[in-house]
Amino acid sequence: MVKYFDLFDMADVIRSKNAGPYEFTFDIIFKDADHFEEFAKADIMTPAVFAKLYNIPETDIISVIYFAPAKAVKITIIRPMASGDLGEKDIYGAQQHAPLLDFEYTL
Amino acid sequence: MKEFRILSPTAILGYGFPAASFEEGMRRKPHAIAVDAGSTDPGPYYLGSGKSFTDRGAVKRDLEFMLTAAVAEGIPLIIGSAGGAGANSHLDWNVDIIREIAAEKKLSFKAAVISSQLAHDVVLKSFNAGDVKELHPAPMPTAKHIEDSTNIVAQMSEKPFIDALDAGAQVIIAGRSYDPVVFAAPAIRAGFDAGLALHMGKILECAAIAAFPGSGSDCMLGILREDCFELNTLNPARKCTVTSVAAHTLYEKSDPTSLPGPGGALDLRQTTFEQAGDGVIVRGSKFVADEGLGFVKLEAARLVGRRTLSIAATIDPIMIAQLGKVISAVKERVNANFENLRDFYLDFKTYGAGNGASFYDGDTCCPPSEIAIIIEAVADTRELADTICSFARSTLLHYGYEDRKSTAGNLAFPFSPSDFAGGDVYEFSLYCLMKAEADMFPIKYVDCKEGVWNG
């Protein structure tokens, strides 16, 4: 039987932040360790999935890492521009998490 | 059991902390007080201009507690990335605050001031020798990037701090420092494991942000032992949980399992987190040292121009429906009017339609009822930026878009004057690695006797 999930409901933390001035890094911290294990085992958050969700080329994705001690998935991408360049919208990168709030998946 | 306790009063010097938390921290008899004062997070302006991003009054308030307590207990007070970005002007700014407090309270101590600013010719020489390396995804710099940079800083490891402590310094004010080292240095010097000390420093550098509920303005205590470290909050309203501490290991880093820094990398693949009452015990973090002197990270910024802003809003549904088209037309009009002065940047930031803050979330479910518009002009001179901003503002105010009914004006301005100087605009110009050299971080020692600064 297929089960449908909203990331918004399953995660305690969904956040974005600069990792230095040239990267954005996204942390998803799950509420439940067993659910995290299932999510990780099914490899739901791949570079391709994130690239599609954010409408960016897969080559902009630096890494997707599952970190069991924190029940977390971490995605790091190339920033659209260096922090503070002309055209900047979010110097600290702390408000780039919106597409993740709408992410749905099946297990 | 052998222990080394470190008090981290606040996430960034100047962010504050409750006096009760600090006093509780001092009751636990820390071996050192340390604080990280900087970050690249506030953007390139602060490093480029040499100005602090924290407020002088707030920094002085925090330092009054820390300096008085450290001197009274005879323990080190260690400040890294002073003044926010760690250039020499930031260092001077922070030293001046320490001097002021010392004079007011007639304190006596030996201080060390460690510079992290590099001269342009030192970096150019290294660059020409092929000793500057790209730090992907930041671009590989050119010689021009180095020449154009205002302040160039290198991130120091724990070594200059250990040298200063060996020389008997009690108060250390350092330029740009790898965040964890202000906490790790006294512990490594006391013989504790570098991997555990640096991992503990990585968590302590943000103080109670790693607690639950998190706060950037509260104290944390780190207790380093031979085979583990423990993190404790000092405010009964918070506790450390495995999730809050493990999650903090992720914070602002690209990879939670390998954290590169000056002199080597922290390997967290074998790290475990265990709940112990209201604290958390961490084990298994390892430090893998680089061969030789390794590399240091360079940071620098350069001036781009001057900025002028105007803030306004529209509530008109007819205008909102065609806002993109209206803005393009206004831009064209500005460009045409100042055809001889094309060297400027003009942007309209619109908030309320779903793409003001986000780079990725461009769509919105329904037409917004109002939109805020920030007009931004950047040019070589303040005068030109003012001219472009002012002209763009008046053009947008009276632009006759299609089907317009509101013909008296298209914008609501909350302020008079409507336009504001945004100051100097900088961009990051160096973010790369450079082969470390001996004596990159010179230390100046000062004896402060009864508040009189000798040096």
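I began with B:Pro417, which I found in the loop between helix H13 (382-398) and strand S18 (419-435) of chain B. The model I am reading is a predicted one, and I keep that in mind for every entry below. At this proline I looked at the peptide bond that joins B:Ser416 and B:Pro417, and I noted that it is cis, with omega about 5°.

I then turned to another cis bond, the one that runs from B:His136 to B:Pro137, where omega is near 5°. I placed B:Pro137 in the loop between strand S5 (132-134) and helix H6 (143-148) of chain B.

In chain A I looked up the backbone of A:Asp43, a residue other than glycine whose phi is nonetheless positive, near 50°. I located A:Asp43 in the loop that lies between helix H2 (33-41) and helix H3 (47-54) of chain A.

Next I followed helix packing in chain B, starting with helix H7 (residues 159-166) and H8(B), which pack at an angle of about 55° with their axes 9 Å apart. That angle makes H7(B) oblique to H8(B), and I recorded their crossing as right-handed. From H7(B) I listed B:Phe161, B:Ile162, B:Leu165 and B:Asp166, and these meet B:Val181, B:Val182, B:Ala185, B:Pro186, B:Ile188 and B:Arg189 in H8(B). Sorted by class, the residues of this contact of H7(B) with H8(B) are eight nonpolar, no polar and two charged.

I stayed with helix H8 (residues 181-189) of chain B and looked at how it packs with helix H9 (residues 194-204) of chain B, and here I noted an angle of about 150° and axes 7 Å apart. Since angles over 145 degrees count as roughly antiparallel, H8(B) and H9(B) are therefore roughly antiparallel to each other. I also wrote down that H8(B) passes H9(B) in a right-handed crossing. On the H8(B) side I found B:Val181, B:Phe183, B:Ala184, B:Ala187 and B:Ile188, while on the H9(B) side their partners are B:Ala194, B:Ala197, B:Leu198, B:Gly201 and B:Leu204. I counted nine nonpolar residues, one polar and no charged in the contact of H8(B) with H9(B).

H9(B) led me on to helix H10 (residues 242-250) of chain B, with which H9(B) packs at an angle of about 95°, the axes being 9 Å apart. This makes H9(B) roughly perpendicular to H10(B). I noted that B:His199, B:Lys202 and B:Ile203 in H9(B) meet B:Val245, B:His248 and B:Thr249 in H10(B). The contact of H9(B) with H10(B) has two nonpolar, three polar and one charged residues.

My last search was for enclosed space, and I found that the structure holds one cavity of 30 Å³ or more. I recorded a volume of about 60 Å³ for the largest cavity. I then went through the residues that line the largest cavity, and wrote them down as B:Ser39, B:Thr40, B:Pro42, B:Gly43, B:Tyr46, B:Leu47, B:Phe53, B:Gly84, B:Ala85, B:Arg176, B:Glu299 and B:Phe428. By class, I entered this lining as six nonpolar, four polar and two charged residues.

How values were computed:
Residues are numbered from 1 along each chain as its sequence is written. Chains are lettered from A and ligands numbered from 1 in the order in which they are written. This is a predicted model: local features need pLDDT of at least 70, side-chain atom pairs count only at pLDDT 80 or more; totals for chains, interfaces and linings use all residues. Side-chain values use heavy atoms; hydrogens and water are left out. Axes are lines fitted to C-alpha atoms, for helices over the stretch in contact, and angles run from 0 to 180 degrees between N-to-C directions. Helices (H or I, at least four residues) and strands (E, at least two) are DSSP runs, numbered from the N terminus. Angles under 35 degrees count as roughly parallel, over 145 as roughly antiparallel, 65 to 115 as roughly perpendicular and the rest as oblique. A crossing is left-handed if the near helix is turned anticlockwise from the far one by less than a right angle, and right-handed if clockwise. Contact means heavy atoms within 4.5 Å. Ala, Val, Leu, Ile, Met, Phe, Trp, Tyr, Cys and Pro count as nonpolar, Asp, Glu, Lys and Arg as charged, and the others, Gly among them, as polar. On a 1 Å grid over the protein atoms alone, a cavity is a set of points where a 1.4 Å probe fits but cannot get out, and a pocket is an open set with protein on both sides within 12 Å along at least five of seven lines; lining residues have an atom within 4 Å of a point. Grid points are joined across faces, edges and corners, and a volume is the space filled by probe spheres set on the points.
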